[in-house]
Amino acid sequence: MISLKNLKKNLTAFLLILTLAFVEIATNSQIAIADTATNPATAAEVFTANCAGCHINGSNIIRRGKNLKQKALKKYGMDSIANISNLVTNGKGIMPAYKNRLSEQQIIDVSAYVLSQAETDWK
Ligand code: HEC
């Protein structure tokens, strides 16, 4: 017979394992997602709503040279999802930080969107 005390102990262990497994899945999927844009439509919407004001068609209305065209992105080392995400998260100069406005996933997606748009010269 299983005593109530044992049952409680087993249940606690079970819940602990379940929590750990969940955390593991959550962190792993986050890493997996980080390499690719999951939803291009949403990324385009995020860009229109948050970035197009200064970066319409991949331009930069404030600092013209720091636009989102491939040449400029390469020149300033902004030709990776990691670096763009970092910039978008923390902001720089007049460009605002988005860490409190967009989710991590939205920032990754919009960064991937910038790179893919740059590849086709925003056309
Ligand atoms: C208020 C205007 C403004 C908004 C809104 C804005 N940016 Fe910027 N962005 C700038 C400015 C100014 C710079 C140049 C920063 C610097 O280096 O001083 C810049 C730089 C960049 C760069 C680097 C370009 C290069 O050639 O080095 C990227 C990439 C970028 N922004 C992406 C975004 C994305 C994505 C969003 C939306 C989430 C966004 N920006 C929203 C003003 C803005």
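This briefing covers the fold, the core, the ligand shell and some individual residues of the structure above. The model is predicted. The protein has six helices and zero strands. Buried residues account for 20% of its 123 residues. A ligand is present, with 26 residues surrounding it.

**Overall fold**
- From the N terminus on, the order of elements is α-α-α-α-α-α.
- Among contacts with a separation of 6 or more, 58% join residues 24 or more positions apart.

**Nonpolar core**
- The largest nonpolar core contains 16 residues.
- Within this core, A43, V110, Y113 and V114 have the most contacts.
- Helix 2 (40-50), helix 5 and helix 6 each contribute at least two residues to this core.
- Helix 6 gives the largest share of this core, seven residues.
- In soluble globular proteins, nonpolar side chains tend to be buried together.

**Helix 6 (104-119)**
- Helix 6 has 16 residues, which should span 22 Å at 1.5 Å a residue.
- The end C-alpha atoms of helix 6 are 23 Å apart, which agrees with that expected span.
- The buried residues of helix 6 are I107, I108, D109, V110, S111, A112, Y113, V114, Q117 and A118.
- V110, Y113 and V114 in this buried set are also among the residues with the most contacts inside the largest nonpolar core.

**Helix 5 (81-90)**
- I81, I84, S85 and V88 are the buried residues of helix 5.
- These four lie on the same side of helix 5, because they cover an arc of only 100° around the axis.
- A82 and N90 are exposed on the other side of helix 5.
- The buried residues of helix 5 pack against helix 6.
- G91 follows helix 5 and has a positive phi, near 75°.

**Ligand shell**
- C51, C54, Y76, G93 and M95 are the closest of the 26 residues that surround the ligand.
- Helix 3, helix 4, helix 5 and helix 6 each supply at least two residues of the shell.
- The shell divides into 17 nonpolar, six polar and three charged residues.
- Helix 5 and helix 6 thus appear twice: each supplies at least two residues of the ligand shell, and each supplies at least two residues of the largest nonpolar core.

**N67, a buried loop residue**
- N67 sits in the loop between helix 3 (52-55) and helix 4 (70-75).
- N67 counts as buried because it has 20 C-beta neighbours inside 10 Å, and 20 or more is the cut-off.
- Leaving aside neighbours within four places in sequence, N67 is in contact with G58, S59, N60 and A72.
- The C-alpha atoms of N67 and H55 are separated by 7.1 Å, with these positions 12 residues apart along the chain counted as their separation.

**After helix 6**
- D121 is in the segment after helix 6.
- D121 is not a glycine, yet its phi is positive, about 55°.
- D121 counts as exposed because it has 11 C-beta neighbours inside 10 Å, and the cut-off is 12 or fewer.
- W122 lies in the segment after helix 6 too.
- W122 is not a glycine either, and its phi is positive at about 60°.
- W122 counts as partly exposed, with 16 C-beta neighbours inside 10 Å.

Technical notes. Residues are numbered from 1 along each chain as its sequence is written. This is a predicted model: local features need pLDDT of at least 70, side-chain atom pairs count only at pLDDT 80 or more; totals for chains, interfaces and linings use all residues. Two residues are in contact if their C-beta atoms, placed from the backbone, lie within 7 Å. A residue is near a molecule or strand if its C-beta atom, placed from the backbone, lies within 6 Å of it. Ala, Val, Leu, Ile, Met, Phe, Trp, Tyr, Cys and Pro count as nonpolar, Asp, Glu, Lys and Arg as charged, and the others, Gly among them, as polar. A nonpolar core is a set of buried Ala, Val, Leu, Ile, Met, Phe, Trp, Tyr and Cys residues joined through C-beta atoms within 7 Å. The expected span of a helix is 1.5 Å times one less than its number of residues. The arc is that of the directions from the helix axis to the C-beta atoms.
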